[in-house]
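The following exercises concern side-chain contacts, burial and packing in a single protein chain. Each task is followed by a solution in steps.

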Amino acid sequence: MTASPRRLARYDRALYRSVAQLSTPVLDEPLRRVSDFADFSKPWFLIAGVLTLVGGPRGRRAAAAGVAAIGAASLVVNQPMKKTAGVRRRPNRVRLGVPVQRWVRMPTSGSFPSGHSASAAAFAVAVGEVLPALRPILRVAASVVAFSRIYTGVHYPSDVVVGATVGALIGRLAGRLALETEHKERTS
């Protein structure tokens, strides 16, 4: 039995309101900063730079896979998905009760799916495939970025879930391709 689109939209708004009603002022400033810092994939490019400089050949391979995954996820999410899904309006933070102290600049693009979440998941999963020791910390970081997009009121939960899912799939592919290439280089 499948839920109707209207019912799913009601659940989405209800979950959004639940996050908006969280009484967690200690998180307001940190999550606003996280959300802002994640613009243009800054944390992921910074980590990729560090991996390139100090991670040796495996770190460089992981960084390349992560950056490639960001590029592919951004292309898929920001072009065909945002354009073919119809332009979903951003949440009305005032009407849905997001405290003003949480707000970040409201993007002008459509809400569905979340590009920040897609890029975060793509990078975390791709790098985690190549460097499994980094997998837990990168996934936590990507999850914080994704949650910050709901917490600051710029995305509905379904925007984030779909964006993260697309990003994770692309990241998995990029990570696997990097490992396959590494394996071929070692065996030739």
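**Exercise 1.** In this predicted model, classify Glu-180 as buried, partly exposed or exposed, and identify the side chain that it meets in a salt bridge.

*Solution.* Step 1: the relative accessible area of Glu-180 is 43%. Step 2: the partly exposed class runs between 20% and 50%, so Glu-180 is partly exposed. Step 3: the side chain of Glu-180 meets that of Lys-184 in a salt bridge, with an N to O distance of 3.4 Å. Step 4: both residues belong to helix α8 and stand four residues apart, about one turn of the helix.

**Exercise 2.** Determine which residues are joined into one network by salt bridges that share partners, and examine the pair Glu-182 and Arg-58.

*Solution.* Step 1: the network consists of Arg-58, Arg-61, Glu-182, Glu-185 and Arg-186. Step 2: within the pair, the N to O distance is 3.0 Å. Step 3: because Glu-182 is in helix α8 and Arg-58 in helix α4, this salt bridge ties together parts 124 residues apart in sequence. Step 4: Glu-182, at 11% relative accessibility, counts as buried, whereas Arg-58, at 34%, is partly exposed. Step 5: the count of salt bridges comes to twelve.

**Exercise 3.** Describe the salt bridge between Arg-32 and Glu-29 in terms of distance, helix position and accessibility.

*Solution.* Step 1: the closest N and O atoms of the two residues are 2.5 Å apart. Step 2: Arg-32 and Glu-29 are separated by about one helical turn, because they are three residues apart in helix α2. Step 3: Arg-32 has 23% relative accessibility and counts as partly exposed; Glu-29, at 34%, also counts as partly exposed.

**Exercise 4.** Decide whether Ser-111 is buried or exposed, and list its surroundings.

*Solution.* Step 1: Ser-111 is located in the loop between α5 (93–96) and α6 (115–130). Step 2: its relative accessibility is 0%, so Ser-111 counts as buried. Step 3: setting aside residues up to four places away in sequence, Ser-111 touches Lys-82, Arg-88, Arg-89, Arg-90, Pro-91, Val-154, His-155, Tyr-156 and Asp-159. Step 4: with Asp-159 there is also a side-chain polar contact of 2.3 Å.

**Exercise 5.** Identify the residues with the most contacts inside the largest nonpolar core, and the elements that contribute to this core.

*Solution.* Step 1: the core has 28 residues, and Trp-44, Phe-123 and Val-127 have the most contacts inside it. Step 2: two or more residues come from each of α3, α4 (56–84), α6, α7 (135–151) and α8 (157–187). Step 3: beyond four places in sequence, Phe-123 touches Trp-44, Ile-47, Ala-48, Gly-66, Val-67, Ile-70 and Leu-138. Step 4: a second, separate core has eleven residues, among them Val-19, Leu-31, Ala-146 and Val-160. Nonpolar side chains tend to be buried together in soluble globular proteins.

**Exercise 6.** Relate Phe-37 to Val-50 in sequence and in space, and state the accessibility of each.

*Solution.* Step 1: Phe-37 lies in helix α2 (residues 25–37), and Val-50 in helix α3 (residues 42–54). Step 2: the two are 13 residues apart in sequence, with a C-alpha to C-alpha distance of 17 Å. Step 3: Phe-37 counts as partly exposed at 40% relative accessibility, and Val-50 counts as partly exposed at 45%. Step 4: outside its neighbours within four places in sequence, Phe-37 is in contact with Lys-42, Pro-43 and Leu-46. Step 5: Val-50, together with Leu-53 and Val-54, makes a nonpolar surface patch of about 340 Å².

How values were computed: Residues are numbered from 1 along each chain as its sequence is written. This is a predicted model: local features need pLDDT of at least 70, side-chain atom pairs count only at pLDDT 80 or more; totals for chains, interfaces and linings use all residues. Side-chain values use heavy atoms; hydrogens and water are left out. Patches are made of residues with over 30% relative accessible area and no salt bridge: like charges are joined within 9 Å, nonpolar side chains (Val, Leu, Ile, Met, Phe, Trp, Tyr) within 5 Å. Accessible areas come from the Shrake-Rupley method with a 1.4 Å probe; for residues, only the protein chains shown count as cover. A salt bridge is a side-chain nitrogen of Lys or Arg within 4 Å of a carboxyl oxygen of Asp or Glu. Buried means under 20% relative accessible area, exposed over 50%, partly exposed in between (1.4 Å probe, protein chains only). A polar contact is a pair of N or O atoms within 3.5 Å; within protein, one must be able to donate a hydrogen and the other to accept it, and residues adjacent in sequence count only if both atoms are side-chain atoms. Contact means heavy atoms within 4.5 Å. A nonpolar core is a set of buried Ala, Val, Leu, Ile, Met, Phe, Trp, Tyr and Cys residues joined through side-chain atoms within 4.5 Å.
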